[in-house]
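Colleague: Can you take me through one spot in this model up close, and then work outward from there? I'd like the reasoning spelled out wherever there is some.

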Amino acid sequence: MNIGWLTLLLLLPFVGALATMLVPKAKVLLAKQVALGFSLVTLVLMAIIAIGYQQNGAADYAETHTWIQPFGAYFALGLDGVGVVLLVLTALLTPIVLIASWNDAQDGRWSEKSFFAWILGLEALSLGVFAATDVFLFYVLFEATLIPMYFLIGGFGGAQRSYAAVKFLLYSLLGGLLMLASVVGLYVLSSQAGDPSYLLTDLMKLDISQNTERWLFLGFFFAFAVKAPMVPFHTWLPDAAAEATPGTSVLLVGVLDKIGTFGMIRFCLGLFPNASEWATPVVLVLALISVLYGALVAIGQTDIKRLIAYTSISHFGFIVMGIFALTSQGLTGSTLYMFNHGLSTAALFLVAGYLISRRGSARIADYGGVEKVAPVLAGTFLFAGLSSLALPGLSPFISEFMVLAGTFSRHKTLAVIAVLGIVLAALYILIMYQRLMTGPVRDGIEKLKDLNVREVLAIAPLVVLIIGLGIFPKPVVDIIKPAVESTMQHVGVTDKAPEIPVTEGQK
């Protein structure tokens, strides 16, 4: 089998995970260095792939190899603009998390090197999910990502980590089982049409009856709604994010949860366009509920990490809204939102983790006056918070504006109500900052250390990208737009303004 660029991209973190585990137990530092080295090489390779990507809306770097022939399953990989953006996000966040989590696994149930190996394993599987162009391969990788994340949550983190890990696993498995039923249904349909095939290009040509398409859509959508997560399938996320290490929370919310919204674009819209239109009213209402509910509950949280988790539920509501608004602007904004949310939430979780590790508590009430003793930490936290609330000039603002504008063009009332989410975002971020960082210095805060060089190094790329893409998002938008236009054309919905007749005199 000729190994293509994407196969090599997937293999690198896998090899890195194995190499990390093979390092002698006594040489923990070497194991960390090996893991970081492989993650950086993966990032460089991903950068080369992204630079060479052809922005034409079709799958680039495509490779297809026979895998399970009786099922019509192929080891098939390829990239469109949506996949490229999420692959870059995954490859970028992994070394950042490794640097930021350098000492976070010392109190874990297992060895520190296993923590770093599981992170690389999760990276490899996530890269595969975003590149898969075969439905069966996607499903296998979709389920396989649960394994490293389960061990990362359950093996390292807070006192209730086992409970959080099991809850995460059960919710995800339930969604996966319903998706499996739809995957089997696609096999039956493709078999009836001729030779069975799970390739996306073949499945998109199937003539599916209305009722069958709707049932198959629901199986996929439910799994993605759990993963995203959307209200009312969200309750596993606050527990998992609160009990996991900050680095694990970054990968959980910044990468793994994006599989849900990515799946809605590639599979719900791609395979079931008519059913997607049929479900749009209900999905948009659920998305709006997620936006407002997540923001309102975040305001009342007393735990820092749970508060950030609920803000992400609100943000995912915006992303889903943009997807199912079924406009080019909304879908482009949602894809950009996925990338920008990964950056801002990563910064917020990591700085919160730095703060919690110093104080030994995640309770907001245990803090106060931090900005007086650790100004760099407080300033970085404020920047991450302002990014999360989509302050104009920072990258999340562009994507949130595009989502709302795209939604407004077809669903004005919904978009107007969703704007309340922006107001609530300002409340939960600024109230949290006020309680944590301002006021008199509380007992136990006097000797709080400011950020060190390693911690600043981990956060710096996120800060640069958030500012850079806030000022000039065009390069990323240009990558996304052809794939969005291709998807909208497939769905059969256009939101382009009609051409206005021009007279000779007006010319």
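Colleague: Start with Leu-8: what relative accessibility does Leu-8 have, and what does it count as?

Modeller: Keep in mind that this is a predicted model. Leu-8 comes out at 37% relative accessibility, so it counts as partly exposed, since that class runs between the 20% and 50% cut-offs. Leu-8 sits in helix α1, which spans residues 5-22. Leu-8 also has company: together with Ile-3, Leu-11 and Val-15 it makes a nonpolar surface patch of about 330 Å². On the helix geometry, an α-helix has 3.6 residues a turn, so residues three or four places apart point the same way.

For a contrast, go to helix α5, residues 135-144. Nine of its 10 residues are buried, so the rest of the structure largely encloses this helix. The buried set is Val-135, Phe-136, Leu-137, Phe-138, Tyr-139, Leu-141, Phe-142, Glu-143 and Ala-144. At the start of α5, Asp-134 puts a side-chain oxygen within 2.9 Å of the backbone nitrogen of Phe-136.

One of those buried residues, Glu-143, leads on to Ser-172, which is in contact with it. Setting aside neighbours within four places in sequence, Ser-172 also touches Leu-146, Val-226 and Lys-227. Ser-172 belongs to helix α7, residues 161-193, and its relative accessibility is 7%, so it counts as buried.

What does the record say about this stretch? An unreviewed UniProt entry lists residues 132-424 as "domain: NADH:quinone oxidoreductase/Mrp antiporter transmembrane". In the model, the chain over residues 132-424 is 79% helix and 0% strand, with the end C-alpha atoms 37 Å apart.

Now the charges. Side chains of opposite charge can pair when their charged atoms come close. With a cut-off of 4 Å from nitrogen to carboxyl oxygen, the count comes to seven salt bridges. Arg-306 and Asp-239 form one of them, at 2.9 Å, N to O. That pair ties together distant parts of the chain: Arg-306 is in helix α14 (residues 304-324) and Asp-239 in helix α10 (residues 236-243), 67 residues apart. Arg-306 has a relative accessible area of 23%, so it is partly exposed, whereas Asp-239, at 13%, is buried. The pairing goes further, as Lys-167, Asp-239 and Arg-306 are linked in a network of salt bridges.

Arg-363 and Asp-366 meet in another salt bridge, at 2.8 Å, N to O. Here Arg-363 counts as partly exposed because its relative accessibility is 45%, while Asp-366, with 17%, counts as buried.

Then there is Lys-474 with Asp-478, a salt bridge at 2.7 Å, N to O. Both residues lie in helix α22, residues 474-491, and are four residues apart, about one turn of the helix. Lys-474 has 46% relative accessibility and so counts as partly exposed; Asp-478, at 26%, is partly exposed too.

Back to where you came in: Leu-8 is partly exposed and shares a nonpolar surface patch with Ile-3, Leu-11 and Val-15, whereas α5 is largely enclosed by the rest of the structure.

How values were computed: Residues are numbered from 1 along each chain as its sequence is written. This is a predicted model: local features need pLDDT of at least 70, side-chain atom pairs count only at pLDDT 80 or more; totals for chains, interfaces and linings use all residues. Side-chain values use heavy atoms; hydrogens and water are left out. Patches are made of residues with over 30% relative accessible area and no salt bridge: like charges are joined within 9 Å, nonpolar side chains (Val, Leu, Ile, Met, Phe, Trp, Tyr) within 5 Å. Accessible areas come from the Shrake-Rupley method with a 1.4 Å probe; for residues, only the protein chains shown count as cover. A salt bridge is a side-chain nitrogen of Lys or Arg within 4 Å of a carboxyl oxygen of Asp or Glu. Helices (H or I, at least four residues) and strands (E, at least two) are DSSP runs, numbered from the N terminus. Buried means under 20% relative accessible area, exposed over 50%, partly exposed in between (1.4 Å probe, protein chains only). A polar contact is a pair of N or O atoms within 3.5 Å; within protein, one must be able to donate a hydrogen and the other to accept it, and residues adjacent in sequence count only if both atoms are side-chain atoms. Contact means heavy atoms within 4.5 Å. UniProt positions are given in the numbering used here, feature names are shortened, and annotations may be inferred rather than shown by experiment.
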